[in-house]
Amino acid sequence: MTSFTPIAAPASAEPAPIPLWRRFLAHRLAAICAVILVAITAAALAAPLVERALGLDANSVDIFNRFGPPDGTHWLGTDELGRDMLLRLLYGGRVSLLVGLAVALGASLIGSTVGVVAGYYGGRLDSVLMRLTDGFIALPVLPLLIVLAAIDLNKLPIPAVIADSQAVSLYRIIIIIALVGWTTVARLVRSATLSVRTREFVLAAEALGATPPRIMARHILPNVVSPIVVATTLSIGAVILLESVLSFLGLGVQPPIPSWGNMLTNAQELMSTAPHLAVYPGLFIFVTVIAFNFLGDGLQDALDPRASQPKGF
Amino acid sequence: MAHYLIGRLAEALVVLIIMSFVIFFLIALMPGDPIDVMIASNPELTPADAVRLRALHGLDLPIWQRYVNWLTAALGGDLGFSRNFNRPVFEVLLPRLGNTVILLGISSILAIAIAIPLGIIAALRPHSLADGAVNLFCFAGISIPPFWFAILLIMLFAVTLGLLPAGGVEPIDGGGLAGRARHLILPVAALALASLAGFTRFMRASMMEALRQDYIRTARAKGLTDRRVVIGHALRNAMLPLVTIIALDFGSLFSGALVTETVFAYLGMGKLIVDAIFGNDFNLALVALLMATFVVLIGNLLADVGYAFLDPRISFRSLEARR
């Protein structure tokens, strides 16, 4: 939002512009978090390579070696079916990160559309859309997600091939979380749109006869990208948490597909026999989510220093 | 004010009816229907019996007609039976609702009571070590998976140290108030953490904003002590936005309660909803979900009213205009 407001601000209040990357690096914590996230993502992507290097199979069940302690072959020990914990964590990371990214992008897409339409057209459409958004924010989201996660896809007009496929729980979780998660972006984009809407370049485009969809897509959206990027980054963490909760309750990603959340489904029974099984997946979720949150916070400072001033960073 | 309240309550009723419609349809999409469950538990039922039973319970009607039937009965005060408890839904719900309100109430009060001083400490010395520590704590609080934190609490306090019960509402032999209190400690701690972190971050920002205002400079110029400036002038104004956040937080607070109740086997509304959905007790699930929505809507309303009472600049007329 900075790039188009300085005209109104007194010149003295504006410090010398600092390059974007320097402001970002100045937030050292965010930079460290970015590195951590890249490392976790790379490790998750490299899961098949690690599998080959260790000479193990992530899905091979070995009931004579259940709850094995960490050793040379199984670096983090084995789970209740004798599967290698490290490999399960890496494959689970692929799923959890995929869900986080896909949902955050989908929700941003819905939220940006709602926000820009509400902000651009204003009037009754705006108030209807914003009442809808407020209504969504006030609802108890988790119980609703549980109902959505429990419905039988075979009762919907969906081809049986998809409804019965193994990966369907993955698609389902992505869609339903995106359906309830778009509200923050919608509100941010709406208020940013309101501030751009009456700017000269928008008025000029209107005078030249550009259609509303074109104005929204080509002139307004590029100017409200900063809040979208920040909100998307922050929402990845929230989505990973939500996915883990649903999977923990047994309603998210379904085994045998591992996710950090569903690896904790049995954690409560395991905590006295094999505490490490209850600790590692949660630790991975925690570190990943906190890293995304710090990263989003740093991005906010870098892209939008004005908005972060009240926080004093 | 009466006008405003009636308007808001009418709105809440409309939201509830829309929700009942949506949830009714979603529940109809869940695997299995009541008769399937009966067949599974009673091998002597023939397919002909199943058809007859479906007709008897109106399950062969189109979905919209079933919804209208349900709504007519519900508006007439008949919320139906819970299949798994074999009792009227309302009788099952009421004690659970009480348990959840106790859990939510205590953890909200605890969260607010801790968040306010933490936020003030952080706001008074931005960028200090204390501020950094509070900030780190807040980020950790919003980033930790709530159910995992609850499990860690159980591992430490119940399994390893054996100090507190791992779950339930009260000891089997009753145990009175002390027994109930002991069972509340861990769930309350688990539930309070997430909202605590959010509230603290908000309190800090709001306090820093208040400290920048002109009246603070005036108060300092008058020679008031720091203590009186902060508590008497800044805090009062910084508290107001917090009320809004608490109101907006009701929905997620209930979601948090659902997770906490499930992990600690605490017999509240959240656990009831999860159990009803897993146990194919659809009518109970439907009414419990609506009840949860109602509680959240009322919570939002109370917070808005409280806001108008706390801030003399806001009148009910302006609240109405804002809508």
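**Exercise 1. A serine in helix H12**

Take A:Ser244, which sits in helix H12 of chain A, residues 225-248. Work out whether A:Ser244 is buried or exposed, and which residues it contacts beyond its neighbours within four places in sequence.

*Solution.* Keep in mind that we're working with a predicted model.

Step 1: look at the accessibility. The relative accessible area of A:Ser244 is 1%. Buried means under 20%, so A:Ser244 is buried.

Step 2: list the contacts, skipping neighbours within four places in sequence. In chain A, the partners of A:Ser244 are A:Gly261 and A:Ile285. In chain B, they are B:Pro145 and B:Phe147.

**Exercise 2. A leucine in helix H13**

Now find A:Leu270 in helix H13 of chain A (residues 267-270). Which residues does A:Leu270 touch, not counting those up to four places away in sequence, and how many Å separate the C-alpha atoms of A:Leu270 and A:Gly93?

*Solution.* Step 1: check the cover. A:Leu270 has a relative accessible area of 8%, so it goes down as buried.

Step 2: collect the touching residues. With residues up to four places away set aside, they are A:Phe67, A:Glu80, A:Pro275 and A:Leu277.

Step 3: compare sequence and space. A:Leu270 and A:Gly93 are 177 residues apart in sequence, and their C-alpha atoms lie 21 Å apart.

**Exercise 3. A nonpolar patch**

Which elements give two or more residues to the nonpolar patch on the surface, and which one supplies the largest share?

*Solution.* Step 1: name the members. The patch is made of A:Leu29, A:Ile32, A:Ile36, A:Leu283 and A:Val287, and together they have about 360 Å² of accessible area.

Step 2: assign them to elements. Helix H2 (28-45) and helix H14 (275-303) of chain A each give two or more residues. The largest share, 3 residues, belongs to H2(A).

Step 3: try one member. A:Ile36 lies in helix H2 of chain A, and its 33% relative accessibility makes it partly exposed.

**Exercise 4. Salt bridges**

How many salt bridges are there over all chains? Then take two of the pairs, A:Arg187 with A:Asp134 and B:Arg204 with B:Asp131, and work out how buried or exposed their residues are.

*Solution.* Step 1: the count over all chains is 10 salt bridges.

Step 2: start with chain A. The closest N and O atoms of A:Arg187 and A:Asp134 are 2.3 Å apart. A:Arg187 belongs to helix H9 (residues 183-197) and A:Asp134 to helix H5 (residues 123-138) of chain A, so this pair ties together parts 53 residues apart in sequence. A:Arg187 is partly exposed at 39% relative accessible area, and A:Asp134 is partly exposed at 33%.

Step 3: move to chain B. Here the closest N and O atoms of B:Arg204 and B:Asp131 are 2.7 Å apart. The pair links distant parts of the chain, with B:Arg204 in helix H8 (residues 176-211) and B:Asp131 in helix H6 (residues 129-143), 73 residues apart. B:Arg204 is buried at 9% relative accessible area, and B:Asp131 is buried at 3%.

**Exercise 5. Chain B as a whole**

How many helices and strands does chain B have, and what percentage of its residues count as buried?

*Solution.* Step 1: chain B has 14 helices and 2 strands.

Step 2: of its 323 residues, 46% count as buried.

Step 3: for the overall dimensions, the C-alpha trace of chain B spans about 90 × 55 × 35 Å along its principal axes.

Terms used
Residues numbered from 1 in each chain as written. Chains lettered and ligands numbered in written order. Predicted model: local features only at pLDDT ≥ 70, side-chain atom pairs only at ≥ 80, totals over all residues. Heavy atoms only, no water. Patch = residues over 30% accessible without salt bridge, like charges linked within 9 Å, V, L, I, M, F, W, Y side chains within 5 Å. Areas by Shrake-Rupley, 256 points an atom, 1.4 Å probe, with all protein chains shown as cover. Salt bridge = Lys/Arg side-chain N within 4 Å of Asp/Glu carboxyl O. Helix = DSSP H or I, 4+ residues; strand = E, 2+ residues; numbered from the N terminus. Buried < 20%, exposed > 50% of the residue type's maximum accessible area, 1.4 Å probe, protein only. Contact = heavy atoms within 4.5 Å.
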